[in-house]
Each structure stands twice: as structure tokens, then as C-alpha cells.
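Visitor: I would like to go through this model with you, beginning with how far its parts can be trusted and then turning to its packing.

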Amino acid sequence: MAVPDQTDDRNDNALCLKEPSGWFAAGDSFRQALLTLSDGGFKLFAHLCLEADRRTGRHEADQSELARRIGKSRRIVGKYVEELEHKGVCTIRRGWNQHARTCFEIRDQYWPYRRVHDLETGPGHERNAFVDAIRESFISLGCTTGKFSSRDACHAKDWQQRGIPLNVVQDALLMGACRKYSSWFNSGPTEPIGSLTYFESLIAEMQERPLPAGYNTYLRAKLVQLAKAWVKKSGKPPGKGECPGMACPEIVQ
């Protein structure tokens, strides 16, 4: 008995998407997350995958928004967020309080797309260590939006071409972050730093008056102290006077 040739049937009934956009490439990495995470943790992960920027694997949201989107309480969502971080599924850069937006970046092991900065390292392109170092420093400050745009990358390359040393840029980032936190403590505008443009004048300041030897070590410690103090302070009504961890005068002037 002859077996019917199904090739034509497959061509005539080719699968196609009902919606041309909004879908996610769920493959082996998605299956791995299914086996790694709890039911609720996987539900949050699936939501983040659908919403994340395909070029970067990042999505920003606050816990109240996530709770509404996946139909869970904010407290439970907080546990799922900790699970994603603890199990190495996402890198998480938290907002300065529970109402601020948190940046979720799905790690390479669980992200099926090539990221923008990975595409830049293909044939004819090389990773720029100067820009990469500035990217990591900027995102880790804690008082930024957590995004490093292509415009920021161009800004960093411009500094490199102008011959500005990496340590000068990083010192300016530390100084600027300490001043930003200090401004928040003194009831200044609470918007996070949105781009490297914020540090342009500080770089000129660092070039004119370099920091004393070892002072950047102090700034790093002070930044950690300020960040922790802000997280603690921002969850309750502002008090009067200076808060613990306020930067010393030479930082904020």
C-alpha cells in the first residue's frame, strides 16, 4: 500500500503566525527556566520575556505593576523576584524604593536573542573595553535608570577619542552619584540619572582638579553607604535634617 506524500500537504497548510509581532522565541532556554523555577517564578519570568526589549533582554517595572500583570500580591511578587535573582535567571537592578521601577535583565543562559552589544562584536567589530567598563560603572551606581543607550555608548567613545583616561571618567561617575544621592536626601528632584550627559561637566572638573590619591576608594565606600541609607529612608516619610550616611561637604559642594 502506497504511503501518501505529505510534502504538498505541509506546503499547503504551512504554519503562520496570527500576530506578526509581540511573540517570543521560546526554545531550550525557556524549557530550562520551566524546570528551574517555581510555578509563580516561571509565570513572572514568562511575563518578563514577553515584555523585554528584544535587543537588550531588559524590562523595567515596579512590583505593583508586576502584581497586576500576573495576578499575584506584591508581597508574593517580591519573593518571585528574589527567586529569579537567586537562581541566576535575571540580573536585577532595584529602584531606590518599593514604588520605583526595577530593571530586570534576563541572563544569557535564558535569553534566546543576541543582544545589541553582542551583535557589535561580529566580523569587522571588536568589543570596546573602555565603553564596556563605563557601561558597567554607570549601571552599577544605583541612582541611574539602569539603561545604557546607544547614545551613551557614543558619548563614551567620544571621551575615549578625546583621550580622557578611564579612571577620570569613573571618578566623575562616583562623584556624580554621591551628589545625586545627597540631593535626594536634601529634598531635591528624585528623578534618576538618565544618561552619561549628566557627568559631562564633572569630567571637566575631574580633569581640572584630579582627586587626591586614594580618594576614589573613599567615594566608593561612601556611595554604598548613601545607597543603603536611601533605600532605608525612602520607604518612610522624609525626616528633618540630614540623614545617616550624608556625604561630607567636599563631596556635595
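Visitor: Which element of the protein has the lowest mean pLDDT, and which the highest?
Guide: This is a predicted model, in which local features need pLDDT of at least 70 and side-chain atom pairs count only at pLDDT 80 or more, while totals for chains, interfaces and linings use all residues. Residues are numbered from 1 along each chain as its sequence is written, and side-chain values use heavy atoms, with hydrogens and water left out. On the scale of pLDDT, the predictor's confidence in each residue from 0 to 100, the lowest mean among the elements (helices being DSSP runs of H or I with at least four residues, strands runs of E with at least two, numbered from the N terminus) is 37, for helix α12 (residues 249-252). The highest mean, 95, belongs to helix α3 (residues 39-51).

Visitor: How many contacts does the stretch of residues 236-253 have beyond near neighbours in sequence?
Guide: Over residues 236-253 the pLDDT is below 50. With contact taken as heavy atoms within 4.5 Å, this stretch nevertheless has, beyond near neighbours in sequence, 30 contacts in the model.

Visitor: Is His59 buried or exposed?
Guide: His59 lies in strand β1 (residues 58-61), and, leaving aside residues up to four places away in sequence, it touches His47, Leu48, Glu51, Ala52, Thr102, Cys103 and Phe104. Its relative accessible area is 13%, and the classes are buried under 20%, exposed over 50% and partly exposed in between, with a 1.4 Å probe and protein chains only. His59 is therefore buried.

Visitor: How is α9 placed against α10, oblique or roughly parallel?
Guide: The axes of helix α9 (residues 166-185) and helix α10 (residues 200-208) come within 9 Å and cross at roughly 120 degrees, where axes are lines fitted to C-alpha atoms, for helices over the stretch in contact, and angles run from 0 to 180 degrees between N-to-C directions. Angles under 35 degrees count as roughly parallel, over 145 as roughly antiparallel, 65 to 115 as roughly perpendicular and the rest as oblique. The crossing angle therefore makes α9, relative to α10, oblique.

Visitor: Which residues of α8 make the contact with α7?
Guide: Helix α7 (residues 129-139) and helix α8 (residues 150-161) pack at about 125 degrees with their axes 9 Å apart, and they are therefore oblique to each other. On the side of α7 the contact is made by Phe130, Val131 and Ile134. On the side of α8 the residues are Ala153, Ala156, Lys157, Trp159 and Gln160.
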